[in-house]
Amino acid sequence: MAERLVVAGAGMGGLVAAARARELGADVVVHEKGDRPGGSMLLSSGVIWRYRDFDRFRAECPGGDPGLQRAVWEGLDDALAWLESLGAPIVARDTGNPLTTGVRFEPRGLTETLAARAGDVRLSSAVREIPDGAAVILATGGFQGDRELVRRHVTPEADSLVLRANPWSAGDGLRLAQARGARLSAGLDEFYGRNLAAAPRIEAADFVPLAQVWARHAVVENAAGGRYRPTTWSEVDVVQWTARQPGARAWYLVPNEALSETVRERTVGAAIAAAEAAGAPVERGGGVTRVEVVAGITTTLGGVRVDARGRAADGLWVVGADAGGISTGGWASALASALVLGRAAADDAAGQPS
Ligand SMILES: Cc1cc2nc3c(=O)[nH]c(=O)nc-3n(C[C@H](O)[C@H](O)[C@H](O)COP(=O)(O)OP(=O)(O)OC[C@H]3O[C@@H](n4cnc5c(N)ncnc54)[C@H](O)[C@@H]3O)c2cc1C
C-alpha cells in the first residue's frame with residue numbers, strides 16, 4: 001500500500017485497525033476528536049465476547065446480517081489471541097454468562113496497549129471530511145451523542161436519555177460515509193444501553209454501578225401504569241422500551257422477597273442501595289420496593305452497511321459502532337465486532353494495491 005492510511009477515531013475499532021495496519025507495514029495516522037484515546041472502550045467493562053453457538057447468535061439477533069455475524073463469530077477467538085499477544089491485560093478468561101464465551105480485559109491497560117501500537121494518534125483532531133488520496137477507516141463510534149439523529153431514528157424522547165458513552169461519538173462516521181455513497185444498515189432505530197437509577201447527576205464513573213439490570217425480577221411500568229415484560233437475557237429490549245416512554249423513564253417494582261436475587265455478581269437489593277445512595281427515587285411499602293430508572297444510551301446498533309472486511313465504498317472502510325446491522329434485533333458484544341472488523345479492515349486496506 002503506497003498511500004497513507006487515515007483512521008478516524010481512537011476507540012476500540014480505530015485503535016485495533018491502526019495497530020494491525022502498522023503491524024503490516026502501513027503508514028498510518030489516527031485522528032481522535034476527543035482529548036484522550038479509548039472512546040467508550042475506556043469506560044466499558046472490557047468484556048469481549050461471542051455467543052457459544054452461532055445458532056444462538058442468529059436467534060438472539062435475528063435482524064443482523066448473517067455474513068457479518070459469521071465473520072465476527074468465527075474471527076473472534078483468533079482476534080482475542082492477537083490482543084493478548086500484544087500484552088493487553090486480562091482480568092478473567094470467562095464472561096460469567098453460560099450463553100457466551102470471551103475474555104474480560106482491563107480497559108485502561110487495553111487502551112494503552114493499543115494506543116502504543118497505533119503509533120501516530122493525534123488528539124483533539126476530528127476528521128471533518130474524507131481526505132483525498134488516502135485510504136480511510138472510519139471508527140467514530142456510532143451516533144448516540146447526536147440528539148437530532150437519535151430523535152430522528154430512535155426516540156422522540158431523545159432529550160431525556162442519559163448519554164452512557166463517550167461524549168464525542170455523534171454520527172460523524174455515518175455522515176462522512178453517506179457522503180461517499182455508502183448505504184445504511186438495518187436497525188437504525190436500535191441501540192444498546194442500560195436502564196440507570198434516575199439519580200439527579202450521573203457521571204461516567206456511575207455508568208456501571210447505577211445500571212439496574214434486574215428487570216427480569218420486576219414489574220416494569222411507565223408513569224401512566226403501562227407495563228412491559230422483558231424478553232431478553234441482556235435486557236436490551238427493556239432499555240429500548242423505556243427510551244420510548246414519557247421522559248425516557250420507568251419504574252421497577254420488585255417484591256421484597258426478590259431483593260436477595262443475584263444478577264451479575266450483586267443482589268437486587270445491592271443495586272437498589274446504590275440507586276438510593278445516588279439520590280434516585282426509591283419507594284417502599286406494601287411488601288414492594290419501587291425504583292425509578294432512566295434509559296441510558298450506550299451504542300447505536302444501526303449504521304453504515306459494510307461487508308465482512310468492513311468495506312463501505314471504494315477506498316473506505318467503516319468499523320466499530322459506525323458499522324451497523326450486526327446485532328440487529330438483540331445484543332452482541334460491540335467490542336468484539338469492533339475488534340474483528342477493525343482487524344479485517346486493516347488487513348484489507350493494508351493489502352490494497354495503490
Ligand atoms: C459503561 C460501558 C460498559 C460497556 N461494556 C461493554 C462490554 O463489557 N462489552 C462490550 O462488548 N461492549 C461494552 N460497551 C460498549 C463498547 O464500549 C462500545 O460499543 C465500543 O467501545 C465501540 O467501539 P468503537 O470503536 O466503535 O467506538 P469507541 O470506542 O467509542 O471509539 C470511537 C472514537 O471515535 C472518536 N470520534 C468521534 N468522531 C470523530 C471524528 N469525527 N474524528 C475523529 N474521531 C472521532 C470518539 O471520540 C471516540 O474516541 C460498554 C460501553 C460503556 C459505556
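Trainee: How do the residues of the shell around the ligand divide into nonpolar, polar and charged?

Mentor: Good place to start, and keep in mind that this is a predicted model. The shell holds 42 residues, with Gly9, Gly11, Gly39, Gly141 and Gly320 the closest to the ligand. Glycine counts as polar here. The division is 19 nonpolar, 19 polar and four charged.

Trainee: Which element gives the most to the shell around the ligand?

Mentor: Let's look at the candidates together. Helix H1 (12-23), strand S3 (47-51), strand S16 (288-300) and helix H9 (334-350) each supply at least two residues. The one that gives the most, with four residues, is H9.

Trainee: Which strands stand at the edges of the open sheet?

Mentor: Try reading the strand order, S6-S2-S1-S7-S18-S17, in which the pairing is mixed. An edge strand has a single partner, so one side of it is left without a neighbour in the sheet. That description fits S6 (120-122) and S17 (311-313).

Trainee: Which residue in S18 does isoleucine 137 stand opposite?

Mentor: Isoleucine 137 falls within strand S7, residues 135-138. S7 pairs with S18 (residues 316-318) in the parallel sense, over three bridges. The residue opposite isoleucine 137 is tryptophan 317.

Trainee: How many residues of domain 2 are in contact with domain 1?

Mentor: First, find the two parts: the domain assignment gives domain 1 as 5-189 + 301-350 and domain 2 as 192-297. Their C-alpha centres lie 28 Å apart. Domain 1 brings 17 residues to the contact, divided into 10 nonpolar, five polar and two charged. On the side of domain 2, the number is 20 residues.

Note on methods: Residues are numbered from 1 along each chain as its sequence is written. This is a predicted model: local features need pLDDT of at least 70, side-chain atom pairs count only at pLDDT 80 or more; totals for chains, interfaces and linings use all residues. A residue is near a molecule or strand if its C-beta atom, placed from the backbone, lies within 6 Å of it. Two strands pair if DSSP finds at least two bridges between them. Domain bounds come from an automatic or database domain assignment. Two residues are in contact if their C-beta atoms, placed from the backbone, lie within 7 Å.
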